[in-house]
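Reader: I have a protein in front of me and a list of terms I only half understand. Can we go through why each term is applied?

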Amino acid sequence: MTTLGIIGTGAVGQTLATAVTSAGLGQRLLVTSRTGQQAQALADDLSDLARSTGSPTHVRACALTDLLDCDALVICVRASFTNSASTDVRMGGAAANVPIIRLLAATLRGYRGTVVMVTNPVDLLTRAFAEFSGCSRVYGVGSNLDTARYHLTLARLLDVPPDAVSGHVIGEHGDSAVVCTSTTTVNGAPVEVPLEAVRRELRSRPGRISAGIGRTRSGPTGAVLHTLRLALGHLDGATELATEHDGGWYGIPLRFTAGQPVPCLPPLDHTEARLLEAAATKLQSAYQQLPEGTS
């Protein structure tokens with residue numbers, strides 16, 4: 001019996017919980033929030049959905065300590081703060097969100113399942129949770145969402161179907177994301193990538209979505225669902241996730257077979273390698289500047 005846990009019942013948490021229940025991804029879904037009332041309300045609403053659609057997922061609200069027996073946890077909490085940053089927007093949540101992640105890590109220390117981090121800045125908080133909790137399977141979504149957006153953008157610019165595009169976005173989920181143009185293909189053939197147009201779209205798309213509907217939610221939900229299917233062994237395949245690599249924490253492609261990941265970083269040209277090194281250095285510096293007690 002697969003049991004999943006979702007921590008945080010905001011826009012992303014609610015959308016994810018709805019998708020998990022609709023898909024019947026787990027037989028049990030546990031949800032928790034900063035208030036028991038909010039978690040219970042979501043559990044009741046999802047139970048109505050499950051009954052109406054015939055979903056096998058049983059949903060209930062729980063306390064944090066009830067999550068220790070889950071097969072996988074998804075963290076999508078967010079502190080209450082105003083983000084005034086106009087560049088490096090995701091980094092704007094570091095100081096506010098890291099104390100919450102550190103507290104969760106202390107409560108869930110020793111957890112043996114898979115943890116998927118959604119909260120931004122996702123690369124930093126993935127590392128913070130892993131190091132404070134001691135959990136060995138902690139992955140951050142971000143680069144996989146960037147890659148999906150890359151495929152859609154390049155398909156539109158080149159007027160080809162998105163499924164014809166193959167290529168990765170790695171490194172930071174943010175302004176320093178590295179687009180792997182040298183190994184990008186369309187229908188299996190190398191292609192000239194209009195890189196500046198791609199970068200403009202990758203940087204503007206999240207803000208455009210947030211301006212229109214308040215918060216990105218469906219895209220991150222899709223990235224989490226795919227990651228869970230791979231990490232739980234329901235599906236074999238590859239995706240880009242934040243993980244430890246060469247002493248740093250950033251997004252790289254991981255290939256999962258029966259739930260076990262192996263890094264599969266593509267060959268990088270000189271420019272891509274330099275940009276990835278710069279992103280790793282930036283993330284390392286930002287991590288060291290997190291509030292006291294987080295390094």
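**Terms and their reasons**

Author: Start with P121, which lies in the loop between β5 (114-117) and α4. The model is a predicted one.

Reader: What makes the peptide bond from N120 to P121 cis?

Author: Its omega is near 0 degrees, and the bond from N120 to P121 is cis. Most peptide bonds are trans.

Reader: Why is the contact between R127 and E131 called a salt bridge?

Author: A salt bridge needs a side-chain nitrogen of Lys or Arg within 4 Å of a carboxyl oxygen of Asp or Glu. The closest N and O atoms of R127 and E131 are 3.0 Å apart, so the pair qualifies. Side chains of opposite charge can pair when their charged atoms come close.

Reader: Where do R127 and E131 lie?

Author: Both are in helix α4 (residues 122-133), four residues apart, which is about one turn of the helix.

Reader: How do you know whether R127 and E131 are buried or exposed?

Author: Buried means under 20% relative accessible area, exposed means over 50%, and partly exposed is in between. R127 has 13% relative accessibility, so R127 counts as buried. E131 has 44%, so E131 counts as partly exposed.

Reader: How many salt bridges does this rule give?

Author: The count comes to five salt bridges. Another one of them joins E196 and R199, with the closest N and O atoms 3.3 Å apart. E196 and R199 both lie in helix α6 (residues 195-213), three residues apart, about one turn of the helix.

Reader: Why are E196 and R199 called partly exposed?

Author: E196 has a relative accessible area of 49%, which is not over 50%, so E196 is partly exposed. R199 has 21%, which is not under 20%, so R199 is partly exposed as well.

Reader: What makes E201 and R208 a salt bridge?

Author: Their side chains meet at 2.9 Å, N to O, which is within 4 Å, so the pair counts. Salt bridges that share partners join E201, R205 and R208 into one network. E201 is buried because its relative accessibility is 11%, whereas R208 is partly exposed because its value is 47%.

Reader: Why are α3 and α4 called roughly parallel?

Author: Helix α3 (residues 94-107) and α4 pack at an angle of about 30 degrees, with their axes 8 Å apart. Angles under 35 degrees count as roughly parallel, so the term applies to α3 and α4. The crossing of α3 past α4 is right-handed.

Reader: Which residues make the contact between α3 and α4?

Author: From α3 come N97, V98, I101, R102, L104 and A105, and from α4 come L125, A128, F129, F132 and S133. By class, the contact of α3 with α4 has eight nonpolar, two polar and one charged residues.

Reader: Why are α5 and α6 called oblique to each other?

Author: Helix α5 (residues 143-158) and α6 pack at an angle of about 120 degrees, with their axes 10 Å apart. Roughly perpendicular covers 65 to 115 degrees and roughly antiparallel begins over 145, so about 120 degrees falls in the rest, which is oblique. The crossing of α5 past α6 is right-handed.

Reader: What classes of residue make up the contact of α5 with α6?

Author: Among the residues that meet there are D146, R149 and L152 in α5 and E201, R205 and I209 in α6. The contact of α5 with α6 divides into nine nonpolar, one polar and five charged residues.

Reader: What makes the phi of D246 worth pointing out?

Author: Phi of D246 is near 55 degrees, a positive value in a residue other than glycine. Most residues other than glycine have a negative phi. D246 is found in the loop between β12 (237-245) and β13 (248-257). Its relative accessible area is 72%, over 50%, so D246 is exposed.

Reader: What is the phi of A258, and where does A258 lie?

Author: Phi of A258 is near 50 degrees, a positive value in a residue other than glycine. A258 lies in the loop between β13 and β14 (260-263). With a relative accessible area of 56%, which is over 50%, A258 is therefore exposed.

Terms used:
Residues are numbered from 1 along each chain as its sequence is written. This is a predicted model: local features need pLDDT of at least 70, side-chain atom pairs count only at pLDDT 80 or more; totals for chains, interfaces and linings use all residues. Side-chain values use heavy atoms; hydrogens and water are left out. Helices (H or I, at least four residues) and strands (E, at least two) are DSSP runs, numbered from the N terminus. Buried means under 20% relative accessible area, exposed over 50%, partly exposed in between (1.4 Å probe, protein chains only). Axes are lines fitted to C-alpha atoms, for helices over the stretch in contact, and angles run from 0 to 180 degrees between N-to-C directions. A crossing is left-handed if the near helix is turned anticlockwise from the far one by less than a right angle, and right-handed if clockwise. Contact means heavy atoms within 4.5 Å. Ala, Val, Leu, Ile, Met, Phe, Trp, Tyr, Cys and Pro count as nonpolar, Asp, Glu, Lys and Arg as charged, and the others, Gly among them, as polar.
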